[in-house]
Amino acid sequence: MNSDKKFQMKFTNGLPLEKSMYPGLDEHTYIVKAGSIQKAGAKPLPVDIQVDQDTQIPLRDGTIIRADIYRPTTGENFPTIMWYAPYGKRGSFLNMDNFNHPTRMDVPTTWEDGLNSFEAPNPSDWVKHGYVVISPDPRGVGSSEGNAYAWGSQQATDEYDVIEWIGEQPWSNGKVGLTGTSYLAMSQYAVAELQPSHLAAIAPWEGAFNPYKESLARGGIADTSFNASLSSAIFTNNQVEDMATLGQEHPFYDAYWQDKTPDLHKVTIPAYLVGSWTNAVHSLGSYKAFDQLGSTEKWLRVHNTHEWNDYYNPENVADLRKFFDRYLKGIDNGWEETPKVRLSVLNPGHADIINRPEKKYPLDHSENETFHLAQQDNDFVLQKNPQQSKGSVSYDADASEGVTFKLKIPTATEIVGELSLKLYVEAADNDDMDLFAFVRKLDAEGNPLEPQVVTDRPYPGPNGRLRVSMRKLDPNESNNHHLELAQTNPEKLKTGEVVAVTIPFWPFGMKWEAGETLALTIGPKDKIVRPEFPQLPPSPNINHGRHIIHFGGNFDAKLTLPKINLNNQ
């Protein structure tokens, strides 16, 4: 994270606080009783909990932020669990009931205690086991003073101050752990880079750590609709970082965005990461973070559901508590024997593999295998040997779904890791093009088999995307298992120019049974529908005219798969 700012921060008005569900500033202490129910359908509280509501926490510049503190009613010293995000510690309109899904994104109401905030832990799950839980409103949110920031060095510095304040309180044992999913995971990386003395462990649950490259402009294509929806979630009578204006002023990866990207090599404390293959925002971040973290004590668990279902599942809460018991309480409970990687491999149409122990990620027993784009009669295929003659296929970028190349899988095969696609492309009527590539599994009859992220909401499968003018790779961040775009200076296309591009795919783990088909579709449209926000339109692209894909001859177009042949295991 580059804290030597070389940009001018700008702010705009937030959403009026009085229009939110926030009940207003009310600093006092009270007890919520065991057996009470805090929200319709929520589980009863298992123990009495002392709540220090709207507690003042001073930051180094004199700004006062407010936090709700949930504590055991006894007078002992306890470790602290904390989360950090701008959605509101009480009264956020973001919650599982507001996502227009009959199963609440597959999170039963009884998995929440009604005291929890959005994507944050249930306080009662921890207080009953001898932890303090702190729910803060960061700078500028709710009744906290100042203007609200989105990620970056200011937010990380503030969170550092909160952690150090916690460590000096009479009810604290001096150790703090961070938890939470999505934004609450992203914020953990940034503050852990700063190494506050009282931060003992982190547990990022599905979190990107480079907001620009992994969320706002993946593949160089701006995702305006999703990120506009997030900015509308911040209620304050102060101001909020004007990311809409700043994003236009900083369209490429420069100092503004670098300030929001932590250096994970500087994170040395124990870390328990959770990821999945089907998160449209965070999937890459979980795996790249695990690879880059400087800690020697780090674990990764890959699940096969949705981040909220996985986070609130009581079995996984207990698993997380075992991790924090080890590093916040010093309990010798055998956590170190937990496999470094617990892997899930999706197998739509069949049973998924869950929690398979692995020694490391990226896997050390997968091998890259290359398949070349080719044409056989009227069919487009993927084949082992390059096609000797030149070929091409074009599609209408305004109306077509693109072109599909197919490969019959002869024996049961797993593909685990980051695929990559090398293409030779031409924009017949444009100086740029947005390419979307999807790898799908088809059954023996040719029907698509897609992973179900949430009930009745599928995910299309392994995928990559690229704005061709942003095709330059970052040589410092790319390696033999991960390709990263530089996303700095655009290189537009000339009329009739054919350019070589490599489309990085996000990590994925999926199994093909013998006789199933791998289908690679290259096209002008995004096929991902976010399970949380199915109503959001896809981000606009710059496509028009015809796209031409060249292959064969000296156009060595190919798909590279991190492949595990199960017959050799």
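Leaving aside its neighbours within four places in sequence, with which residues is L518 in contact? In this predicted model, the contacts of L518 comprise L382, F405, K406, L407, I409, I415, V439, R440, W512, L559 and L561.

**Nonpolar cores**

L518 also belongs to the largest nonpolar core, which has 139 residues. Together with F324, L373, L421, L423, L520 and I522, L518 is among the members of that core that touch the most other members. A second, separate core contains ten residues, including F7, A255, Y256 and W257. In soluble globular proteins, nonpolar side chains tend to be buried together.

**Strand 27**

Strand 27 spans residues 517–523, and seven of its seven residues are buried, so the strand is largely enclosed by the rest of the structure. In a regular strand the side chains alternate between the two faces of the sheet. In strand 27, L518, L520 and I522 point one way, whereas T517, A519, T521 and G523 point the other way. Strand 27 pairs with strand 17 and with strand 20, antiparallel to each. L407 of strand 17 stands opposite L518, and L407 is also listed among the contacts of L518. On the pairing with strand 20, A437 stands opposite I522.

**Strand 12**

Strand 12 covers residues 341–345; five of its five residues are buried, so this strand too is largely enclosed by the rest of the structure. V341, L343 and V345 point one way from the strand, and R342 and S344 point the other way. The charged-residue name R342 recurs in both pairings of strand 12: R342 stands opposite R301, and R342 also stands opposite P357 in strand 13.

The strand pairings are set out below.

| Strand pair | Sense | Bridges |
|---|---|---|
| Strand 11 (residues 298–302) and strand 12 | parallel | two |
| Strand 12 and strand 13 (residues 353–358) | antiparallel | four |
| Strand 17 (residues 403–408) and strand 27 | antiparallel | six |
| Strand 20 (residues 434–442) and strand 27 | antiparallel | seven |

**D158 in helix 2**

D158 lies in helix 2, which runs over residues 152–167. Is D158 buried or exposed? Buried means under 20% relative accessible area; D158 has 2% relative accessibility and therefore counts as buried. The side chain of D158 makes a polar contact with the side chain of R139 at 2.7 Å. Leaving aside its neighbours within four places in sequence, D158 is in contact with L59 and Y84 as well as R139.

Note on methods: Residues are numbered from 1 along each chain as its sequence is written. This is a predicted model: local features need pLDDT of at least 70, side-chain atom pairs count only at pLDDT 80 or more; totals for chains, interfaces and linings use all residues. Side-chain values use heavy atoms; hydrogens and water are left out. A nonpolar core is a set of buried Ala, Val, Leu, Ile, Met, Phe, Trp, Tyr and Cys residues joined through side-chain atoms within 4.5 Å. Buried means under 20% relative accessible area, exposed over 50%, partly exposed in between (1.4 Å probe, protein chains only). Contact means heavy atoms within 4.5 Å. Two strands pair if DSSP finds at least two bridges between them. A polar contact is a pair of N or O atoms within 3.5 Å; within protein, one must be able to donate a hydrogen and the other to accept it, and residues adjacent in sequence count only if both atoms are side-chain atoms.
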